[in-house]
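Work through the exercises below with the model open. Try each task before reading its solution.

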Amino acid sequence: MSLLKSLWGGIWVSGMMGASIATAAPALKPHCLSQLRRDVDAIASQPLFNQARLGIAIQPLGTTQPLYARDAQRYFLPASTIKVMTTAAALTQLGPQFRIPTEVYGTGVGKTLEHLRIVGRGDPSLSDPQLQQIAAQLQKQGVRQIKHLVGEDRYFQNSVVPSWAWEDLQAGYGAPINSLILNQNAYELKLWPQSLGQPLKIEWLSPPPTGAWRQLNRTRTVAKDAPEFVNIERRLQGKTLEIEITGQLRVGAPPDRSAVAIVNPGWFLLHRLQALLAQHQIQVGQISLLTRDQARQMALKTSSERRLVQLQSPPLSALIATTNQESNNLYAEALLRTLGGTVAPKNSPQTSHQQGLTALQQALTQLGVDASAYDLADGSGLSRHNLVSPMALVQTLDGVLRSPHAAVFQASLPQESVGKHPASTLRSKSGGMRGVSTLAGYLQTAQSSPILFSIMVNQYNQSSAKRRQAMDAILLSIHRWQACQSKS
């Protein structure tokens, strides 16, 4: 989150500093509390929010009585602040050292394998270097031919969130979530402006599509005062994938990084693995992506297979850090489904997405979050069907910061500092989409317990700069309250 100069006295929100979690609730001073409430009331009463909806909850860690509340129990669209709930639940249930495996099995002896089976469990971090590792290990074991390369992509039972918008499903940030994820299931591109009037130069930062496909470059370089935008669409024309890039960048402007979702991610991984095996002098014959029924049938034929390679994701502590610090939707949705898979009964009729939402609610209840304070449709915040109250986010933070994993969760949140003399450490997660801006986290000084907050703005049409200034002003009001509390 980029925080701008505050409305309050020209103080900046910037910099970095560390802080530890203290759990003792502060002894409240009435005059400090009165000033905080006057300050936040004044900010919330600005004309900026006349047509918008504004929800605020401010509460010390370990208490149930808020310092300030405005529509704190009402529902709002949360955007990416939902990731606070998803990562807190995953960390609580799975633990910081939990890892997601990807395993490779095979049958055959010597140089030839009858089949090679790669089994995915939804590791969102899996990328080309890990496939290179598989190929290198097989080459080292003397393998030179694989008659049948098989992908088992059945651990997660659905790949998209039903309530995501169509334009989001095409974008890299809305990539499908399956069991065999590779390169975050997206093609990443960099677009460079050229001479005035010329098409943008397109550089593929990740391996391009496999099979029949074509690129349609309908971009141009425009004058320095012209608006800028980039849009990427994908569609199938028969059996050919078309990727159409439209938009414009100003002459001399820095390049733009964009991404488009992969259409069939399981097949994409298998074709990439085939190509990397060929680079290691290993030839592949037939390729198959198994359905659930086919996987059951194959299990009857593979009693003699042995595990050849096992990969492990980074620990969950690193996965939730990527989720929160990069606001990574794919990671959040993979963690949601992983959470569901660890608690769902066998042969559950629910999809992996539904199982994840059920497990998420169970974990949040254990953290002390009121189940009536939210209604979730996904784990990332991309869906506009999500409904969350400011108090639900504060309760989530309170539960996880009082848990044995507080330090790990704290480290997963982006860190800045607020104010001066002394500064307060800010750990927070922001969220945003059209008409929605949210922020949830906590402020803490060396002398104080954390002050948890959630600020949620919906249905606004003012400039983002003004809205950020108002949020900064609320943070500085909390900081001043902390300074007031510490004075004798």
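Is Glu233 buried, partly exposed or exposed? Glu233 counts as partly exposed, at 33% relative accessibility. Keep in mind throughout that this is a predicted model.

**Exercise 1. Trace the salt bridges around Arg235, and give the burial of each partner.**

Step 1. Start with Glu233. Arg235 forms a salt bridge with Glu233, and their closest N and O atoms are 3.7 Å apart. The cut-off is 4 Å, so this pair counts.

Step 2. Turn to Glu242. Glu242 also forms a salt bridge with Arg235, with the closest N and O atoms 3.1 Å apart.

Step 3. Assign burial. Arg235 has a relative accessible area of 27% and is partly exposed. Glu242, at 8%, is buried.

Step 4. Widen the view. Through shared partners, salt bridges join Arg214, Arg218, Glu233, Arg235, Glu242 and Glu244 into one network. The whole structure holds 17 salt bridges.

**Exercise 2. Describe the salt bridge between Glu152 and Arg154.**

Step 1. Find the contact. The closest N and O atoms of Glu152 and Arg154 are 2.7 Å apart.

Step 2. Check the acid. Glu152 is buried, at 5% relative accessibility.

Step 3. Check the base. Arg154 has a relative accessible area of 32%, which makes it partly exposed.

Step 4. Recall the principle. Side chains of opposite charge can pair when their charged atoms come close.

**Exercise 3. Work out the strand order of the open sheet that contains S7, and find its edges.**

Step 1. Read the order. The open sheet has three strands, arranged S8-S7-S12, and the pairing is antiparallel.

Step 2. Locate the edges. Strands S8 (201-204) and S12 (256-261) each have a single partner strand, so one side of each is left without a neighbour in the sheet.

Step 3. Add the twist. From one strand to the next, the twist averages 30°.

Step 4. Inspect one pairing. S7 (residues 186-192) and S8 run antiparallel and are joined by four bridges. Trp192 has Lys201 in S8 as its bridge partner.

**Exercise 4. Which residues of strand S17 are buried, and how does S17 meet S18?**

Step 1. Split S17 (residues 415-418) by face. Gln415 and Ser417 lie on one side, Glu416 and Val418 on the other. In a regular strand the side chains alternate between the two faces of the sheet.

Step 2. Judge the cover. All four of these residues are buried, and both faces of S17 are covered.

Step 3. Pair the strands. S17 and S18 (residues 424-433) are antiparallel, with four bridges. Ser417 has Thr425 in S18 as its bridge partner.

Step 4. Look at the turn. Five residues separate S17 from S18 in this hairpin. Gly419, in the turn, has a positive phi of about 70°.

**Exercise 5. Locate the disulfide, and explain which parts of the chain it ties together.**

Step 1. Count. The structure holds one disulfide.

Step 2. Name the pair. Cys32 is joined to Cys484, with an S to S distance of 1.9 Å. The link is left-handed, with -75° about the S-S bond.

Step 3. Place the ends. Cys32 lies in helix H1 (residues 30-44) and Cys484 in helix H12 (residues 464-486), so the link ties together parts 452 residues apart in sequence.

Step 4. Assign burial. Cys32 is buried, at 1% relative accessibility. Cys484, at 19%, also counts as buried, because the cut-off is under 20%.

Conventions. Residues numbered from 1 in each chain as written. Predicted model: local features only at pLDDT ≥ 70, side-chain atom pairs only at ≥ 80, totals over all residues. Heavy atoms only, no water. Salt bridge = Lys/Arg side-chain N within 4 Å of Asp/Glu carboxyl O. Buried < 20%, exposed > 50% of the residue type's maximum accessible area, 1.4 Å probe, protein only. Pairing = 2+ DSSP bridges. Helix = DSSP H or I, 4+ residues; strand = E, 2+ residues; numbered from the N terminus. Axes fitted to C-alpha atoms, helices over the stretch in contact; angles between N-to-C directions. Disulfide = S-S within 2.5 Å.
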